[in-house]
Amino acid sequence: MLAFAKGHGTLNDFVCFSDPEARLQLTDDQLRFLCDRRAGIGADGTLAAVRARNVPGYEQHGDAWFMDYRNADASIAEMCGNGLRVFLRYLLEEGELDGSPVDIVTRAGVLHGEFLPDGNIRVSMGKPTIASERVQVTTGTRSFEAAVIDVGNPHAAVVLTPGELADIDLEREPGYPTDVYPNRANVEFVEAAGPNHIRMRVWERGVGETFSCGTGTVAAAVAAMAAAGQSEGRWRVDPPGGTLHVDLTPAQAYLTGPAVIVARGKVSV
């Protein structure tokens, strides 16, 4: 029996469990079962809390917490911004954190988290980069030009004209050049909703269309900022699951938003 918690950040949901000594070694089939919305618990991914000293390649971080994030199909992802906030909320409620600012080790580097007085959580997201070249993204019978953005994981972000977002076909994975994205991509479709305010939809690799994606939110803000000719600023981003805020500076991106644990239990794996 595995003790778990179920949480979400703007409806991007996760199964969380603690494995500090990395003893569980769950198989891909077991991870997919946990995320199955009919046969299992249901989630966009799993978050395992492991001490970094027990993760090959990250031993130098000692007793710091490592966020072992897997997509719903059990594939490994470098990072997840909504997942990082839920991970922090989970560790806080487990009594593993005291509410002070803390660093968390991820496959995208060491990232910083803060619990804010209003109940939201603010996390650093590294320094996103946007490539000079553009790529073509296809969905349904339509083709779009997309920005190539790295937020510790790969993104293709399309800035639409207002009014187009609802008509984008995300029934299946969009097409994109596999030589640019050999490990697949998260694909964002973005439209302006006001000054420094955008709406978005996202196809998340290994999952499908999700209600929200933390790194995708940052990528969407980066694409909108570039389209607006700005170099930094604060953006409100509305995915279908709620509202997030992205602060973009020349050195760092920050993501602020809610994270809640909604259930706890035990599951047979």
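Is Ala-74 buried or exposed? I began my entries with this residue, working throughout on a predicted model. At 4% relative accessibility Ala-74 counts as buried, and I located the residue in the loop between β4 and α2. Its backbone caught my attention as well, since Ala-74 has a positive phi of about 80° although it is not a glycine. I noted beside this that most residues other than glycine have a negative phi.

I then looked up Gln-25, where phi is near 50°, again a positive value in a residue other than glycine. Gln-25 sits in the loop between β2 (12-18) and α1 (28-35), and with a relative accessible area of 61% this residue is exposed, whereas Ala-74 is buried.

Next I returned to the loop between β4 (65-71) and α2 (81-93), where Ala-77 is found. Ala-77 is buried, with a relative accessible area of 3%. Setting aside residues up to four places away in sequence, I listed Tyr-69, Asn-71, Arg-107 and Arg-205 as the residues that Ala-77 touches. For one of these, Arg-107, I also took the backbone separation: the C-alpha atoms of Ala-77 and Arg-107 lie 7.8 Å apart, although the two residues are 30 positions apart along the chain.

Which residues line the largest cavity? I found one cavity of 30 Å³ or more in the structure, and the volume of the largest cavity is about 50 Å³. Its lining consists of Tyr-69, Asn-71, Ala-77, Met-79, Asn-153, Asn-186, Glu-204, Arg-205, Cys-213 and Thr-215. Sorted by class, I counted four nonpolar, four polar and two charged residues in that lining. I marked that Tyr-69, Asn-71 and Arg-205, which belong to this lining, are also among the contacts of Ala-77.

The presence of Cys-213 in the lining led me to the cysteines. How many disulfides does the structure hold? My search of the whole structure returned zero. Cys-80 is in no disulfide, and the nearest cysteine sulfur, that of Cys-213, is 6.1 Å away. Looking from the other side, I found that Cys-213 is likewise in no disulfide, its nearest cysteine sulfur being that of Cys-80. The distance of 6.1 Å is to be set against the cut-off, which asks for sulfur atoms within 2.5 Å. Cys-80 is buried at a relative accessible area of 1%, and Cys-213 counts as buried, also at 1%.

I turned then to the nonpolar cores. The largest has 51 residues, of which Ile-104 and Leu-248 touch the most other members. Helix α3 (residues 214-227) supplies the largest share of this core, eight residues. A second, separate core has 18 residues, among them Ala-48, Ala-52, Val-55 and Phe-66. For Ile-104, leaving aside neighbours within four places in sequence, I recorded contacts with Trp-65, Met-67, Leu-84, Phe-87, Leu-88, Leu-91, Gly-109, Val-110 and Leu-111.

My last entry concerns His-245, which I found in strand β15 (residues 244-248). At 27% relative accessibility His-245 counts as partly exposed. Not counting residues up to four places away in sequence, His-245 touches Arg-234, Trp-235, Arg-236, Tyr-254, Leu-255 and Thr-256. I also took its separation from Gly-208, which is 37 residues away along the chain, and found 23 Å between the two C-alpha atoms.

Technical notes. Residues numbered from 1 in each chain as written. Predicted model: local features only at pLDDT ≥ 70, side-chain atom pairs only at ≥ 80, totals over all residues. Heavy atoms only, no water. Core = buried A, V, L, I, M, F, W, Y, C linked by side-chain atoms within 4.5 Å. Buried < 20%, exposed > 50% of the residue type's maximum accessible area, 1.4 Å probe, protein only. Helix = DSSP H or I, 4+ residues; strand = E, 2+ residues; numbered from the N terminus. Contact = heavy atoms within 4.5 Å. 1 Å grid on protein atoms, 1.4 Å probe; cavity = no way out; pocket = protein on both sides within 12 Å on 5 of 7 lines; lining within 4 Å. Points joined across faces, edges and corners; volume = space filled by probe spheres on them. Nonpolar A, V, L, I, M, F, W, Y, C, P; charged D, E, K, R; others polar.
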